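Here's a walk through a protein model for anyone who would rather read about it than click around. Take a look at the structure, then read on for its pockets, its cores and a handful of residues.

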Amino acid sequence: MTEICSGIAFDHDGVLANFAGAFIPWYNQHYGTSFAENYFWTHDFYKVFGVTREQLNADIKRFIQTSSPEQIQPYREMPAIVRRLAATYGTHSQVTGRFTPESLQQSRTFTDRHYPGCFSNIHSSHHPQNNPRGYKGAICKQKRVRLLIEDQADYAEEALMHGIQVIVINRPWNIGQALPHSVPRTDPIHLETILARMLNGTAH
């Protein structure tokens, strides 16, 4: 039987997986700091930590190589929502900025554990020369994604420029950023309703 794909793609960290909920406690323990998730007014976490982007990337790499990523949990509402959407529209894709073999394998393991049968593939948007920030519009267009569910405002705007519809999930690091009128920002509880309206071509 041919698998039906939904044309819907989800970001991994910040949408499906609460990366910050595991990484920030690890960072605090490692450096003796006391950051909390609601401190993060920007997705450029290095600005909140007061370090360089390169230092934060090194810390994330160090974190990925420990056992701490096993503590990453799904956002509470998301497994049930994703299952219902897969039952309605078919299996989904993931488009992630993760790119190391370790982090991608962790993504697959996490997905199999918390979202079994809901995703047909996981695509990495990162390219060291052409796309070091991991913007997702081009790969979404290449993979025929119609709608991306994202947590970063700048990624949402970039995907929109490639003709991809986007929904932004409300997180501390995006609530202070303006979005284009056509990009709704929502709590997960309203995601299914907004997604259905957008796929049907009606206003959100």
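## Leu 104 and its surroundings

Leu 104 is buried, with a relative accessible area of 15%; buried means under 20% relative accessible area, exposed means over 50%, and partly exposed is in between, using a 1.4 Å probe and protein chains only. Before going further, a word on the ground rules: this is a predicted model, where local features need pLDDT of at least 70, side-chain atom pairs count only at pLDDT 80 or more, and totals for chains, interfaces and linings use all residues. Residues are numbered from 1 along each chain as its sequence is written, and side-chain values use heavy atoms, with hydrogens and water left out.

Back to Leu 104, which sits in helix H5. Helices (H or I, at least four residues) and strands (E, at least two) are DSSP runs, numbered from the N terminus. Leaving aside neighbours within four places in sequence, Leu 104 is in contact with Thr 96, Arg 98, Phe 99 and Ser 124, where contact means heavy atoms within 4.5 Å. Its C-alpha is 9.2 Å from that of His 123, which is 19 residues away along the chain.

## Two pockets

Arg 98 and Phe 99 turn up again in the largest pocket, where they lie nearest the centre along with Asn 57, Ile 60 and Gly 97. A pocket here is an open set of points on a 1 Å grid over the protein atoms alone, where a 1.4 Å probe fits, with protein on both sides within 12 Å along at least five of seven lines; lining residues have an atom within 4 Å of a point. Volume is the space filled by probe spheres set on the points, which are joined across faces, edges and corners.

The two pockets compare like this:

| Pocket | Volume | Nonpolar lining residues | Polar lining residues | Charged lining residues |
|---|---|---|---|---|
| Largest | About 1000 Å³ | 13 | eleven | ten |
| Second largest | About 160 Å³ | four | five | three |

For those classes, Ala, Val, Leu, Ile, Met, Phe, Trp, Tyr, Cys and Pro count as nonpolar, Asp, Glu, Lys and Arg as charged, and the others, Gly among them, as polar.

Which helix gives the largest share of the lining of the largest pocket? That's H3, with seven residues. H1 (19-31), H2 (45-49), H3 (53-64) and H5 (101-114) each supply at least two residues of that lining. As for the second largest pocket, its lining includes His 12, Glu 70, Arg 98, Phe 110 and Arg 113.

## The nonpolar cores

A nonpolar core is a set of buried Ala, Val, Leu, Ile, Met, Phe, Trp, Tyr and Cys residues joined through side-chain atoms within 4.5 Å. The largest one has 42 residues, and Phe 10, Met 78 and Ile 149 touch the most other members. Elements that each supply at least two residues of this core include strands E1 (5-10), E4 (147-150) and E5 (165-169), plus helices H4 (78-89) and H8 (191-199). H1 gives the largest share of this core, seven residues.

Ile 149 keeps plenty of company: among its contacts, neighbours within four places aside, are Ile 8, Phe 10, Val 15, Ile 167, Leu 191 and Leu 195. There's also a second, separate core of 14 residues, which includes Ala 9, Ala 153, Val 166 and Leu 179.

In H8, the buried residues are Leu 191, Ile 194, Leu 195, Met 198 and Leu 199. They cover an arc of only 130° around the axis, so they are on the same side of H8; the arc is that of the directions from the helix axis to the C-beta atoms. Just after H8, Gly 201 takes a positive phi of about 80°.

## A few residues to click on

Phe 35 is in the loop between H1 and H2. Is Phe 35 buried or exposed? At 18% relative accessibility, Phe 35 counts as buried. Leaving out residues up to four places away, Phe 35 touches Ile 24, Tyr 27, Asn 28, Phe 40, Val 48 and Phe 49.

Arg 144 has a positive phi of about 60° although it is not a glycine. Most residues other than glycine have a negative phi. Arg 144 lies in the loop between helix H6 (137-142) and E4, and counts as exposed at 73% relative accessibility.

Lys 141 is in H6, and is exposed at 55% relative accessibility. Its contacts, leaving aside neighbours within four places in sequence, are His 162 and Ile 164.
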